[in-house]
Structures are given as structure tokens and as C-alpha cells.
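Trainee: Could we go through this one together? I'd like to see how each label is earned.
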Amino acid sequence: MRQDVIVGGPFDLDATLESGQAFRWERHTRGWVGVASGHPFLLSWKQGVLSVDSPSCENPGGWARRYFDLETDYQALCERLRCLDAAVSTAVDFAPGLRLLRQEPWEALLAFILSTNNNIPRIRRLVNRVSLRWGERLSAAEHCWWALPSPSVLATATEQQLRECGVGYRAPFLIDAARKVSSGDVDLVRLESLTTAEARIVLQRIKGVGRKVADCVLLFGLARRDAFPIDVWIKRRLEEHYFDGQGTRIKALHEFAASQFTDDAGYAQNYLFYHTRTASMAIRKKPRGWQPR
DNA sequence: TGCCAGGCCTTCC
DNA sequence: GGAAGGCATGGC
């Protein structure tokens with residue numbers, strides 16, 4: 001089924017899907033293809049209309065409104081963020097249509113366990129390999145897609161099998177997450193009813209889930225917009241703009257973010273991360289001999 | 001060839 | 001409590 005969704009406010013499909021929030025989207029001649037919430041999708045964007053096509057999702061428009069955070073007034077959000085300070089204002093102006101995705105909690109948990117000490121292209125490959133080996137095959141006209149494996153299925157994987165997929169030392173972390181989630185020891189549905197701080201503590205009981213991974217799950221999988229994941233890029237950006245150089249403790253950075261960005265912290269983080277990383281990569285890709293004017 | 005990547009865990013002090 | 005070192009792997 002295909003549905004068109006009229007999007008109000010800034011919307012940047014490319015930036016959103018390549019921003020490192022989700023790892024199962026690929027560019028396609030007609031837009032983007034990928035798997036989310038157990039369904040394959042073809043997405044295209046033209047003149048304020050998001051076209052959402054899926055062979056299995058019964059309400060692709062409704063799915064898109066939730067997934068792409070379309071109920072949030074990004075015009076007002078961007079204006080609020082621009083008033084905060086120069087760094088956030090610059091990041092917002094760089095890609096105002098960058099959306100904060102709302103993924104399934106399990107997808108965010110699995111992907112961000114794989115993200116530790118890793119890079120985005122490789123995270124994407126690893127999520128796909130794990131899906132290919134343990135996920136359910138989905139029917140789609142032009143592509144073969146595999147859903148993310150359920151926690152109960154992934155719980156049957158051995159450490160050796162996961163290592164064969166290239167996940168390295170993260171193999172036992174994935175198994176622990178799958179076992180705890182499938183047994184109900186960590187109830188991802190119940191996390192919805194907890195405060196952000198309480199949910200963070202529960203998530204950090206999973207091996208391989210520290211403060212940063214937990215915050216990513218909270219922000220991208222549970223829509224906790226007060227969560228503020230601090231990775232190497234964000235740490236660098238905060239230190240260079242708000243603090244006096246390197247060596248600032250993570251705890252101090254979290255306290256600063258909470259007081260500076262309050263309930264919009266997650267949005268601010270998303271803009272800051274995308275701007276900092278994209279700008280840095282662009283500089284890296286300059287040809288040899290390139291000099292700034 | 002060495003550094004780095006959306007960090008975390010263990011050990012040691 | 002905080003610092004240091006190790007960890008799998010592959011792109012650049």
C-alpha cells in the first residue's frame with residue numbers, strides 16, 4: 001500500500017536517514033528503501049509530500065507520522081533552539097529538516113550495542129548481517145529484505161555464530177540483551193511507564209549498555225527527548241564551544257546539557273551531532289592540496 | 001601503517 | 001570514585 005503524507009515545517013529525508021540514528025536505510029533511484037517496524041518501505045520526498053510505500057504495512061502514512069516525528073512542530077522547535085546559543089543555532093541552520101526518529105526500542109537497543117567503538121558504515125553492515133542470518137525474510141517486489149531478528153530468536157544465537165558475522169567483542173553483549181529482553185527481565189514495554197532516569201538504570205543492567213548506549217535507546221527508541229547521548233563527536237563539540245578545551249568529565253557535560261537544553265536536549269543533541277560529524281567528514285574528504293580561502 | 005570509530009568492562013589505585 | 005588498558009574489525 002502507498003500513502004502520501006503532507007509534511008508541514010522543515011523536513012529533510014536525506015539528512016534524517018543518513019544521520020546515524022537508524023542503520024537499515026539505503027539510497028534508491030526513487031528515494032530510500034529500508035526496513036523498520038518489521039516492514040519494508042520505499043520512501044520518496046517531493047515538494048512537501050512524503051510518499052510511503054510498503055507491501056505489508058497497512059497504514060504506512062500513520063507509521064511515517066510516528067517514525068518521522070511529524071506531529072512535532074519543528075518550526076517552533078527550531079526557533080526555540082536558535083535562541084539558545086550560537087553552536088546550536090548553527091547546527092539547526094545546517095539541517096533544520098533533520099528529524100528525530102522514533103524507532104522500535106529493540107531495534108535501537110540492538111543497533112546501539114553494535115555502535116560501541118564503531119563507525120556508522122560498519123554498524124549498518126553488522127545490523128544487516130545479523131538480520132540476514134536470524135531475521136525473518138520479508139517479501140518485497142524489487143528487493144529481498146530481512147526483518148530484525150526478534151529477541152527470542154537472537155537469544156538462540158551462539159557467541160561464535162555472532163562473531164562470524166563480524167560483531168567482535170560485542171557478541172556476548174547482544175546475547176545478554178536478547179536473553180534479558182525475551183525473558184522479560186528487561187521489559188521494553190514497561191520502560192514506557194518509567195521516568196527517563198529509571199528506564200536508564202534498567203537498560204544499563206544489560207551487558208555492553210553504558211550511559212551513552214542507554215541514552216541512545218531512550219532518545220531514538222523511547223522518544224525521551226530529554227535524553228542526551230554523549231559520544232566522541234558531541235563531547236568534542238561541547239568542549240570546544242562551551243568548555244575550556246579537552247578533558248571535561250562526562251558527568252559535567254551531562255549536567256551542562258540538562259541545564260542548557262532542558263526538555264529539548266535530545267533535539268539539540270541530534271542537530272549538534274549531525275552538524276559536527278558531517279562538517280568534519282566534509283573537511284576530511286577535501287582533496288590533497290586543498291586550502292581554505 | 002597507524003589512527004579512529006555514536007564505548008564498555010575490568011582492574012587497579 | 002576515577003584513570004588506564006584492552007577489546008574486534010575495517011575504512012581511511
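Trainee: How many residue pairs are in polar contact between domain 1 and domain 2?

Mentor: The count is 3 residue pairs, both residues at pLDDT 80 or more. A polar contact is a pair of N or O atoms within 3.5 Å; within protein, one must be able to donate a hydrogen and the other to accept it, and residues adjacent in sequence count only if both atoms are side-chain atoms. Keep in mind that this is a predicted model, where local features need pLDDT of at least 70 and side-chain atom pairs count only at pLDDT 80 or more, while totals for chains, interfaces and linings use all residues. Residues are numbered from 1 along each chain as written, chains are lettered from A and ligands numbered from 1 in written order, and side-chain values use heavy atoms, without hydrogens and water.

Trainee: What makes domain 1 and domain 2 of chain A domains?

Mentor: An automatic or database domain assignment sets the bounds: 2-71 for domain 1 and 105-209 for domain 2. The contact (heavy atoms within 4.5 Å) takes 19 residues from domain 1 and 18 residues from domain 2.

Trainee: How many salt bridges are there between domain 1 and domain 2?

Mentor: The count is 0. A salt bridge needs a side-chain nitrogen of Lys or Arg within 4 Å of a carboxyl oxygen of Asp or Glu, so no pair between the two domains is counted as one.

Trainee: Which strands supply the side of domain 1 that touches domain 2?

Mentor: S2 (25-28), S3 (31-36) and S4 (39-46) each supply at least two residues, and S3 gives the most, with 4 residues. Strands here are DSSP runs of E, at least two residues, numbered from the N terminus.

Trainee: Why is glycine 20 called near DNA strand B?

Mentor: A residue is near a strand if one of its heavy atoms lies within 4 Å of it. A backbone N or O atom of glycine 20 is 2.5 Å from a base nitrogen of DNA strand B, so glycine 20 qualifies. Gly20 is listed among the closest of the 29 residues around the strand.

Trainee: And what makes the glycine 208 pair a polar contact?

Mentor: A polar backbone atom of glycine 208 is 2.9 Å from a phosphate oxygen of DNA strand B. That is within the 3.5 Å limit, so the pair counts. Likewise, a polar side-chain atom of aspartate 231 sits 3.1 Å from a sugar or linking oxygen of the strand, so that pair counts too.
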